[in-house]
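Student: I have just opened this one and I'm lost. Could you walk me through it and tell me what the words rest on?

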There are 4 protein chains.
Amino acid sequence: VAIFGASGYSGLEATRLLASHPGVELVALSSDRWDGELAGKRSGVAGPAARLHYATHEKAIEQSRGAAAALLCTPAEASLELAPRLLALGVQVIDLSGAFRFPSRAEYEATYKHAHTAPELLAEAVYGMPELAEGVRAAVRAARLVANPGCYPTAATLGLAPLFAAGLLAPEAVVVDAASGTTGAGRKASEEMSFTEVGEEFRAYRVLRHQHQPEIAQALARAAGRAVPLTFTPHLLPVRRGILSTSYARLAAGRDPAELKAALLRAYAAEGAAEPFVGVLDSPEAVSLRAVVGTNRCEIGVACAPVGPDAGRVVVVAAIDNLVKGAAGQAIQNLNLLLGLDEAMGLLGLRAL
Amino acid sequence: VAIFGASGYSGLEATRLLASHPGVELVALSSDRWDGELAGKRSGVAGPAARLHYATHEKAIEQSRGAAAALLCTPAEASLELAPRLLALGVQVIDLSGAFRFPSRAEYEATYKHAHTAPELLAEAVYGMPELAEGVRAAVRAARLVANPGCYPTAATLGLAPLFAAGLLAPEAVVVDAASGTTGAGRKASEEMSFTEVGEEFRAYRVLRHQHQPEIAQALARAAGRAVPLTFTPHLLPVRRGILSTSYARLAAGRDPAELKAALLRAYAAEGAAEPFVGVLDSPEAVSLRAVVGTNRCEIGVACAPVGPDAGRVVVVAAIDNLVKGAAGQAIQNLNLLLGLDEAMGLLGLRAL
Amino acid sequence: VAIFGASGYSGLEATRLLASHPGVELVALSSDRWDGELAGKRSGVAGPAARLHYATHEKAIEQSRGAAAALLCTPAEASLELAPRLLALGVQVIDLSGAFRFPSRAEYEATYKHAHTAPELLAEAVYGMPELAEGVRAAVRAARLVANPGCYPTAATLGLAPLFAAGLLAPEAVVVDAASGTTGAGRKASEEMSFTEVGEEFRAYRVLRHQHQPEIAQALARAAGRAVPLTFTPHLLPVRRGILSTSYARLAAGRDPAELKAALLRAYAAEGAAEPFVGVLDSPEAVSLRAVVGTNRCEIGVACAPVGPDAGRVVVVAAIDNLVKGAAGQAIQNLNLLLGLDEAMGLLGLRAL
Amino acid sequence: VAIFGASGYSGLEATRLLASHPGVELVALSSDRWDGELAGKRSGVAGPAARLHYATHEKAIEQSRGAAAALLCTPAEASLELAPRLLALGVQVIDLSGAFRFPSRAEYEATYKHAHTAPELLAEAVYGMPELAEGVRAAVRAARLVANPGCYPTAATLGLAPLFAAGLLAPEAVVVDAASGTTGAGRKASEEMSFTEVGEEFRAYRVLRHQHQPEIAQALARAAGRAVPLTFTPHLLPVRRGILSTSYARLAAGRDPAELKAALLRAYAAEGAAEPFVGVLDSPEAVSLRAVVGTNRCEIGVACAPVGPDAGRVVVVAAIDNLVKGAAGQAIQNLNLLLGLDEAMGLLGLRAL
């Protein structure tokens, strides 16, 4: 397996996770900034992967000949260029950018504000959130190209989709209010992401115009079987890792609040179908950022106001590590499926601190 | 002026602000835990106030004879006992707890889950948020007893009330999603508020059952002239001070999104009525926790989705320092009104760090 | 293996590490506060250990009959009582408190300010820092009772001991200036350890009177073969985990600065004797708290002023995770030795975040 | 008064402090990055200063004609160019960089590693630490050019100088171990200063080669009347503002430990000479970063080991806000002296949060 964009935060996380993955051998790590340097030195990994040298994209493509798959931890523009070339070499691709998450070129271009240069691939790309619905796993196993979901969409969707799928939520607009640690902004020299600017601070950003809004709406629409109008507000937290999303919907007429948690349990914790990476907790308050940071887990809690002026209001809180379940970890779930390995291989035993 | 409960975080903030207030002399500071100790030593204040000794409630009541007013920075149970006694001595009272914020005993008891022992005072208590509406200032000036608003209600209400008052928001349920620094939990020995537990963490608490939910709903109902169904979710931030609230409503039919900011400007920044402590910014993203921490200011930004699947969605972000505008600072605004002083006295020139 | 004091931070860390340790089965977890509760629920561990119930000390002693060993994560007073009882049952003991770290009762009592109630055990207790010197491992393997080193002493000693052992440091007083995250203070309800008090703060504590000062001095004296006068100043960092110590000594007359790093490499990274848990870096600046937090590693860097007004000054920086290499992780190294297992079992593959 | 380099953190702090200074009118603010923008918008200041526009250095020099003084908050290279030009216009200069802190060109060039292009000014520059010694204030009042001390040197020197001046410290090498918040690194886009890199981290930097080492040594040598060999190690704290220095020296033979605190009190808190900005606390543990952040104060505590293996060891802890007493605040003290104003004007009443 090759990793492109290995020096960003999600590429580095992928490197570290795959370096100790029992079913995978790393063969190439692309990074312009670390070109020529040793992986052991820069990423801190041990074992055979430590002896790999970072290489340019071009060199890494060469090194990828014969590889089973590549993880693209690159910006969307780079993924658009890399994916077709790797597929042409017979290398399956899991792309962590937004490049292949929308089925239509128009929606992509409206969201990402630049041209989609590989539209012929959109039809075959599989949106790889294995726990989202029956059929996703089979589709990933059969795919050549997997679009790995975004970090906010993973948290919000895992919390809401089973409720929509069970018909428990009214056809009313949904609010997703979420907050992310600073690794979500990627690794870059930036004054606005400096400790001085972010410490003791909390603010909203990209209000009503974040690129993850249509992605969440699309995933929920699939679960609901209808369009889901949705407002999404991301905030920047003074923590390093983790996303916590608090979502607001309304109980469908005639449904019982107790069905909400039951639907989550059925989706994620049913007999014979227990999801190893999703936990359904007793309440939204029980969901903790720090309990999932470092792991591939998503924790979810739901509550509903049974009486009172806003009766029927449903509040769903979900938390993930944006770099693991929200990026590299979920990519490795997809990789395992693609390679016919156990889906959880290399992802159990990660621990929160 | 006397301060009761002077060793809590809001009591300490009140002490520090009043110690350098040019129009006020402190005459008593009650604190069981610091009974007998020097104010200069414990609070760090300089000047005459430094030579005051903390005293028990009983002693401080004696010391308050002849005082113009008392700030109660005590828990609601203590305020319920102190307020009638101080009023009986002719001392005007500004209470920072929730004890007198509801006009009806029933609503108080449903919210705070204990008996209201001074219901005879509820009718005369004035909810002291000076910027909320015309008439509030006059009412505070004439009051014997002021109920100082809660921290979350101050942030959420200042952001939403002018929009309701202007008829700009649809009669639809409102969501207030907010986050507070740790000083909001008060000063106490608590494992759950330890640095180890709060650092790198973010979580929701008291979901669908926080005592500020009815207080916000009541304040907005006054502005709207009708009931406002409302869901409120507080979160705990790993910062020391500050509240940022992100509220969601819907534009009323037939209204223009541009009217939203205009209404805020009219309420807070109109010619001849410029509020010194409320700033209307260009966007919700511009609102910053740290820019208001340390000051008595509230900053507000509003946006509205003009088109798209959730068109008409209104997002209002507001930020305050929970200990200043959300507690001691607003109490001093009220105190200044009560004493016939300039409302901003002692509150300008506070600086953010 | 049994763990006593399993609800404190080091007890919890030991529980989590041993729950996934391939060579150990947990049989008892003592905790007064969680008595009767399920380990899976409180500690988050999975697997067989999740089904253990926390028990009182008394019950846990009963459950420990037949166990190979017990980890005491209890305060010194409790360890003094538990150790003799467990040893009498044939259970080997690794004590994480300071109870058995000094060979003499007098030194213990002078340091910990209370009576040592099991002085008969002091002679046989082995100070279990495996990397400290040749012979330690053999002594631990043969021991009934291991005194697990303190957190600050582990960081400071691993950095300085090889330099003393190699005769590279002058017989001059040494300064150890160190800083620890808040987990070092243990789990407790405490106002002074609250986020509000610790956030954006940094201060020294127990200056010239910290109980780890004599422990460090003793460990260095063994390495040096002479008394080492030493001043130690701990500081409290606004981080959750980790200790970084910056130590100051002076190069012995006639020695070359280049010998310093060479001595560290010889002690920790020699052919055939590479320590898996100690890394010698290129410089003191390269040592990073976060790189070791979550792992059982200690990273060390040394520098020496070759010329200038303070020529010969040696600066050694070392970092560990106070809960892992500084407590539970080192205890498991000792446990592995005691049980005849591979010393690193269960401790490799821990990752920093 | 003009401020050059007004968009850096110390320039911004100077702008904010001078905007509300009752004895000073701001006439120019230079900043290349904010050229043409309004000061009120960027710096948040109110009043007349809010209406100033940032300008290039060239334009600001023009605007400074007729100004009484200029604060240079610029890098040393820029200060070297600006200072002679402003002095030639008759504008007195307070330089916050290291450009004029050494009397000799050689020492400057050895420390800052570039040529000193205005060596003719070195002889007349006054090192402006008003509390350092008798005579400093008079020299500043008479100066054309003041070299404002560095942040670490201010903390370390204020703590140690009176002890050297009183002959209480042995002629032995001194260790200064200090830690600074991130604003000390200045405002810049930098990956290494990002929240992701600095959060939960603590490390040493520029070990044995920080440019403040010779500055501290020089200031202490003046106090001691002899050379003071000194080792200085700075660390980066995960806080925004503040420096805490922990210094190690040895009590001179025949002196009593009680003389240490007495000497500090005599220097800073004597009858008729009470320093408004220096506090002598009861112990090193009492010194708190957060208590001084936001203020122009320095807090100091000293302890000495009376007996034991390292008897005579002196530990001095001192804390300041690096942007106030360590930069802009001390510059305003100097400005007040230069302009014949009360030294504390505009600097009292600043509050810690």
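Tutor: Let's go through how the chains meet, and then look at two buried residues.

Tutor: This is a predicted model, in which local features need pLDDT of at least 70 and side-chain atom pairs count only at pLDDT 80 or more, while totals for chains, interfaces and linings use all residues. Residues are numbered from 1 along each chain as its sequence is written, chains are lettered from A and ligands numbered from 1 in the order in which they are written, and side-chain values use heavy atoms, with hydrogens and water left out.

Student: What makes residues of chain A and chain B count as in contact, and how many are there?

Tutor: Contact means heavy atoms within 4.5 Å. By that rule, 50 residues of chain A are in contact with 50 residues of chain B.

Student: How much area is buried between chain A and chain B?

Tutor: About 3700 Å², with carbon and sulfur atoms giving 55% of that. In chain A, A:Glu200, A:Glu285 and A:Arg290 lose the most area to chain B, together 19% of what that side buries. Buried area is the accessible area (1.4 Å probe) that two parts lose on being put together, summed over both.

Student: Why are A:Glu285 and B:Arg209 called a salt bridge?

Tutor: The term asks for a side-chain nitrogen of Lys or Arg within 4 Å of a carboxyl oxygen of Asp or Glu. The side chains of A:Glu285 and B:Arg209 meet at 3.2 Å, N to O, so they pass the 4 Å test. The count between chain A and chain B is 4 salt bridges.

Student: How many residue pairs are in polar contact across that interface of chain A and chain B?

Tutor: The rule finds 32 residue pairs, both residues at pLDDT 80 or more. A polar contact is a pair of N or O atoms within 3.5 Å; within protein, one must be able to donate a hydrogen and the other to accept it, and residues adjacent in sequence count only if both atoms are side-chain atoms.

Student: Which element gives the most to the side of chain A that touches chain B?

Tutor: That's β8(A), with 5 residues. Helices (H or I, at least four residues) and strands (E, at least two) are DSSP runs, numbered from the N terminus. The residues on that side of chain A divide into 28 nonpolar, 8 polar and 14 charged. Here Ala, Val, Leu, Ile, Met, Phe, Trp, Tyr, Cys and Pro count as nonpolar, Asp, Glu, Lys and Arg as charged, and the others, Gly among them, as polar.

Student: How do you know how chain A and chain B are related?

Tutor: Chain A can be laid on chain B with an RMSD of 0.0 Å by a turn of 180 degrees and a shift of 0.0 Å along the axis. The two copies are thus related as by a two-fold rotation axis. The superposition is by least squares on the C-alpha atoms of residues with pLDDT of at least 70 in both.

Student: What about chain C and chain B: how many residues touch?

Tutor: There, 20 residues of chain C are in contact with 20 residues of chain B. The buried area is about 1700 Å², 54% of it from carbon and sulfur atoms. C:Glu191, C:Phe195 and C:Thr196 lose the most on the chain C side, together 45% of what that side buries.

Student: How many salt bridges are there between chain C and chain B?

Tutor: The count is 4. B:Glu191 and C:Arg187 meet in a salt bridge of 2.7 Å, N to O. Helix α8 (residues 195-198) of chain C gives the largest share of the side that touches chain B, 4 residues.

Student: Why does C:Asp177 count as buried?

Tutor: Buried means under 20% relative accessible area, exposed over 50%, partly exposed in between (1.4 Å probe, protein chains only). C:Asp177 has 5% relative accessibility, so the label is buried. C:Asp177 is found in strand β8 (residues 174-180) of chain C, and its side chain makes a polar contact of 2.6 Å with the side chain of D:Tyr248.

Student: And is B:Lys325 buried or exposed?

Tutor: B:Lys325 is at 0% relative accessibility, so B:Lys325 counts as buried. Its place is in helix α12 (residues 324-338) of chain B. A polar contact of 2.6 Å joins the side chains of B:Lys325 and B:Gln333.
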